[in-house]
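Visitor: I'd like a close look at one part of this model, and then at how it sits in the rest. Could you take me through it at an easy pace?

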Amino acid sequence: MSNTSFTNVTVAGGTGLLGSHIAEGLLNDGSFKVKVLRRLPKNPNEKADLLASKGAEIVYADYNRHDDLVKVLSGTDALICTAAPGVVGGGYDFDALQTPLLNAAKAAGVKRFIPSEFGIEAEVGVHPITDAKASFREKIEQSGLEYTYISCGFFPEYLGWMGFDIKNKTAKFYADGNTILATMSMSDIGKYTAESLKLEESRNATIRVAGSRFSLSEILEKFEESTGSKWKVVVDKEVKHRFQNKIDPVPSLVDLFVAIYLEKSAFENIDNDKFSFSPRSLADDINVLVQQASV
Ligand SMILES: NC(=O)c1ccc[n+]([C@@H]2O[C@H](COP(=O)([O-])OP(=O)(O)OC[C@H]3O[C@@H](n4cnc5c(N)ncnc54)[C@H](OP(=O)(O)O)[C@@H]3O)[C@@H](O)[C@H]2O)c1
């Protein structure tokens, strides 16, 4: 691992679900000066306060005002975007969201841009979310800035989307039970992202990391062990077909995303061994989820 040439790192959307873990990963690493970029207006935010108490500088800009963005990004070596346009509410245009950041980063002399990916690899023609992430890839690659794409496993906190319902002790499988789903805790993604800035191999490359690679049935077993009970399993493998053919009830974009994710989330060639630590176990994450659900 080389010494980092990136000292000043800005995390756009660093108050978010994942972004706060990445900002924390950078702060805990100790090698970086960290700024968290937020949108105006300056709304109170507990995560921003917490990160500020740990040493981050919180900065604000209107993403539609190029000059303001350039000003806050000046002095930044690496810009990590973890902003998300409210996917659950139907916003998915990561291209539109990140383009002003890329333009401003270039004008401000930022060296590296890590875009908001952090899941399966962005690919055109698959789903509006991955389409938008993929079309932004083209812009980065044409910009002349260095880039790293971080592809990582599914966040355990989102296993509910994958059909694991702790309260009702049911699992709805969108694929065969032997389908492999890679997962990765957000705190580990924070550590991997921070360390990627010190890794030669991350320059203009994709870094693939996974905390675990279990089948849906094995993940179900972990939930059953953790809750001490047998779960009911419902199988719905037809989501994509029903969505594409508009067969009632037409699944949501979230259902479709989950079905597609399961086709692409095996993460066979991973880069974990390039990093200095091992990820935490999925069983630990599941135990935390089960405890939280019982409060
Ligand atoms: N692998 C997985 O399982 C998985 C799961 C979920 C998400 N992800 C990915 O992880 C990344 C981060 O997602 P997240 O769920 O952590 O994001 P999030 O919490 O929904 O949002 C992150 C931040 O983005 C900013 N933001 C919201 N709307 C915006 C807009 N329209 N324009 C600019 N900034 C906006 C907000 O910060 P301020 O208000 O402070 O500006 C927010 O705190 C995304 O790429 C997402 O696709 C992966």
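Visitor: Let's zoom in on one spot in the sheet: which residue in E5 does Ala-78 stand opposite?

Guide: That would be Arg-112 in E5. Keep in mind as we go that this is a predicted model. Ala-78 belongs to strand E4, residues 78-81, and that strand is joined by 3 bridges to strand E5, residues 112-114, with the two running parallel.

Now step back to the sheet around that pair. E4 and E5 are part of an open sheet of 7 strands, and the order across it is E3-E2-E1-E4-E5-E6-E10, with parallel pairing. At its edges are strand E3 (57-61) and strand E10 (205-209), each of which pairs on one side only. Neighbouring strands in this sheet are turned against each other by 25° on average, ignoring direction.

On the other side of E4 in that order comes E1. Strand E1, residues 8-12, is mostly covered, with 4 of its 5 residues buried. E1 is joined to E2 by 5 bridges, and the two run parallel. One of the pairs there is Thr-10, whose bridge partner in E2 is Lys-35. If you're following the side chains along any of these strands, here's a handy rule: in a regular strand they alternate between the two faces of the sheet.

Follow the chain out of E2 and there's a nice detail. The peptide bond between Leu-40 and Pro-41 is cis, with omega at about 0°. Pro-41 is in the loop between strand E2 (33-39) and helix H2 (46-53). A second cis peptide bond joins Asp-248 and Pro-249, this time with omega at about -10°. Pro-249 lies in the loop between helix H8 (239-244) and H9. Both are worth a look, because most peptide bonds are trans.

There's another sheet to visit. This one is open too, with 3 strands in the order E7-E8-E12 and mixed pairing. Strand E7 (164-165) and strand E12 (232-235) stand at the edges with a single partner strand each, so one side of each has no neighbour in the sheet. E8 pairs with E12 in the parallel sense over 4 bridges. Thr-170 has Lys-232 in E12 as its bridge partner.

While you're there, check the backbone at Lys-169, in the loop between E7 and E8. Its phi is near 50°, a positive value in a residue other than glycine. Lys-169 has 31% relative accessibility and so counts as partly exposed. Phe-267 also has a positive phi, of about 50°, without being a glycine. You'll find Phe-267 in the loop between H9 and H10. Its surroundings are another matter: at 9% relative accessibility, Phe-267 counts as buried.

What about the packing inside? The largest nonpolar core has 32 residues, and the ones touching the most other members are Leu-159, Met-162, Phe-164, Leu-181, Ile-219, Phe-223 and Leu-262. Several elements give two or more residues to this core, including helix H5 (128-143), strand E8 (170-173), strand E9 (180-183), helix H7 (216-227) and helix H10 (282-293). H9 gives the most, with 5 residues. To get a feel for it, centre your view on Leu-159: leaving aside neighbours within four places in sequence, Leu-159 is in contact with Phe-154, Phe-164, Leu-181, Ile-219, Phe-223, Leu-282 and Ile-286. Apart from this core lies another, of 31 residues, among them Leu-18, Val-36, Phe-155 and Phe-275. As a general point, nonpolar side chains in soluble globular proteins tend to be buried together.

Last, zoom all the way out. The protein has 10 helices and 12 strands. Its radius of gyration is 19 Å, close to the 19 Å that the globule rule gives for 295 residues, so the protein is as compact as a globular protein of that length. The C-alpha trace spans about 55 × 40 × 40 Å along its principal axes. Of the 295 residues, 50% count as buried. The protein exposes about 13500 Å², and carbon and sulfur atoms supply 47% of that. Among contacts between residues at least 6 apart in sequence, 76% join residues at least 24 apart.

Terms used:
Residues are numbered from 1 along each chain as its sequence is written. This is a predicted model: local features need pLDDT of at least 70, side-chain atom pairs count only at pLDDT 80 or more; totals for chains, interfaces and linings use all residues. Side-chain values use heavy atoms; hydrogens and water are left out. Two strands pair if DSSP finds at least two bridges between them. Axes are lines fitted to C-alpha atoms, for helices over the stretch in contact, and angles run from 0 to 180 degrees between N-to-C directions. A nonpolar core is a set of buried Ala, Val, Leu, Ile, Met, Phe, Trp, Tyr and Cys residues joined through side-chain atoms within 4.5 Å. Buried means under 20% relative accessible area, exposed over 50%, partly exposed in between (1.4 Å probe, protein chains only). Contact means heavy atoms within 4.5 Å. The radius of gyration is taken over C-alpha atoms; the globule rule is 2.2 Å times the number of residues to the power 0.38. Accessible areas come from the Shrake-Rupley method with a 1.4 Å probe; for residues, only the protein chains shown count as cover.
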